[in-house]
Amino acid sequence: AGDGAVWFGGPNGLIRYAPKEYRLDRIQYFSAGRYLKDNNVLALLPDDANGVWVRTEQGVSHIWYEKMTLDEKSDHYSKIVKERHRRHNFVTVCYFSEPGNPNSKTSRYSEDNDGLWTAMYAASACYEYAVTGSQDALERAVHATEGVLSLVDIVPIKGYLARSYVTRDEQLPSDGFWLPTEDGKMFWKSDTSSDEVVGHFLIYLLAHELLPDENLKARIRTAAANIMDYVISNGYYLHDVTGKPTLWGNWAPEYFNGRGYEDTAVNCTELLSHMKVTAYITGEKRFADEYKKLAYDLGYADLCSTYLERKEPTINYSDEELVYLSYLPLVLLEEDPVLREKYKKGMNQWWQNIQRELNPLWTYIYKLIDPETDYDMEGCLWTLRRLPLDLIYYHSDLSTRADVVKEEALDRFGKENVKNLLAPDERRTMKWNGNPFEIYSPANGTCEESGTIFTLPYWLGRYHGFLVEE
């Protein structure tokens, strides 16, 4: 090509070799779905813009390079969310009627973690508003925060919250535990997990701190206080309509000594974080006292550092997400040097695996409590740059690549892994609770991710000074 890069085509896709590029961009791989009609490359023709025309068995593709700032990339994702990722006040994935075609008919459905995914998107919009003062970011932040709060408002039990809800006009999912509202116009999903609660308290803090609406802040304070009162009154369990704990809403000492032994570090961090947020935004001494009781008297702060000794044989990447989203409020709010050191120690145990992921979100959160560690900040920036613009779930099979080094052990779902991290646009599309080292992931191009995987780390990084405007 005109820029000196060399393109190679063959029966397993397309490769660009550019030795003068950034070290992780010197070899780029392009495969069917996102870039090619199919992987059997028959002919190549460089264009005049450092790109290439590619002929495969099923057609012709054009790959070219176009410069944009990360702000522009964020705007791209935000536009897509507004166009096709909103269901009521939730932000969720979108489904296409035609594979790979966002202009075909789109659909959105209830998801178990509507609250968590929406809270993470709302958090990114809160940070964006705090950095830029954008009224559009403010509208998106308020809209999504309202969505999270609606999961509290719809439930008749004070202090409980729903996983999701649908209107009578929507398709009622066949899975889970659904109950009608009193007027019969909606159905809400029960058996709420700790994942949902993590999302709620993350956005409770950030929206309360960064958004200007005093009425919204008052609703947040009420919701947080009611949920924590409910959890405390039930012995650190989240009870649903049956009067019994939900499957995953468990933060009690007896849970850690039984079924939840491997969950101890993450669940202790969660409850400490939720209590700290509630004490801070409400200003009520009883929550501050409960937080100190948990941290010191019951030893929860020390239990945060038991991850490595209690962990499962395989890595649960969802737990990495839950624990670091819970640590973020603790890092931002905790001033006690003794507790900060305990939390730093707990975070470090998770960091031992996380650091190889070049995940900008987890890296920036850890850097807030441990600024002295040598971080691969350029690698995190590379992750943001290499996230694809479309975020469509395409079929991913890395087994034909000669550069992958396989792990001997399978992951927690019995799937093969690679040791060497591949670029985000060369592996499967995923939320940050997924396994970035997975070799095989089936998909048909009909589902699209929302873009929060970019916007949350980007605007958090901008807000805290880890990234600067281009």
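This report describes the nonpolar cores and the salt bridges of the structure shown above, which is a predicted model.

**Nonpolar cores**

The largest nonpolar core holds 113 residues, and the members that touch the most other members are Ile-203, Tyr-204, Leu-271, Leu-272, Tyr-300, Tyr-324 and Tyr-343. Helix H2, which spans residues 114-132, gives the largest share of this core, with 11 residues. A second core of 13 residues is separate from it, and among its members are Tyr-22, Tyr-317, Trp-382 and Leu-422. In soluble globular proteins, nonpolar side chains tend to be buried together.

Tyr-300 can serve as an example of the contacts in the largest core, being one of the residues that touch the most other members. When residues up to four places away in sequence are not counted, Tyr-300 touches the aromatic residues Tyr-236, Trp-251 and Phe-256, and its contacts also include Ala-252, Pro-253, Cys-268, Leu-271, Leu-272, Leu-294 and Ala-295.

**Salt bridges**

Side chains of opposite charge can pair when their charged atoms come close. The structure holds 37 salt bridges, and the table gives three of them with the distance between the closest N and O atoms.

| Pair | N to O distance |
|---|---|
| Arg-386 and Asp-25 | 2.5 Å |
| Arg-84 and Glu-83 | 3.7 Å |
| Arg-163 and Asp-112 | 3.9 Å |

The salt bridge between Arg-386 and Asp-25 links distant parts of the chain, since Arg-386 belongs to helix H14 (residues 377-386) while Asp-25 sits in the loop between strand S2 (13-17) and strand S3 (27-30), 361 residues apart. Arg-386 is buried, with a relative accessible area of 6%, and Asp-25 is likewise buried, with a relative accessible area of 6%. Both residues also take part in a network of salt bridges, in which they are linked with Arg-385, Arg-401, Asp-403, Asp-425 and Glu-426.

In the pair formed by Arg-84 and Glu-83, Arg-84 counts as buried because its relative accessibility is 12%, under the 20% that sets the limit for a buried residue.

The pair of Arg-163 and Asp-112 ties together parts that are 51 residues apart in sequence, because Arg-163 lies in the loop between helix H3 (135-153) and strand S11 (165-167), whereas Asp-112 lies in the loop between strand S10 (106-107) and H2. Arg-163 is buried, with a relative accessible area of 9%, but Asp-112, at 31% relative accessibility, counts as partly exposed.

Terms used. Residues are numbered from 1 along each chain as its sequence is written. This is a predicted model: local features need pLDDT of at least 70, side-chain atom pairs count only at pLDDT 80 or more; totals for chains, interfaces and linings use all residues. Side-chain values use heavy atoms; hydrogens and water are left out. A nonpolar core is a set of buried Ala, Val, Leu, Ile, Met, Phe, Trp, Tyr and Cys residues joined through side-chain atoms within 4.5 Å. Buried means under 20% relative accessible area, exposed over 50%, partly exposed in between (1.4 Å probe, protein chains only). Helices (H or I, at least four residues) and strands (E, at least two) are DSSP runs, numbered from the N terminus. Contact means heavy atoms within 4.5 Å. A salt bridge is a side-chain nitrogen of Lys or Arg within 4 Å of a carboxyl oxygen of Asp or Glu.
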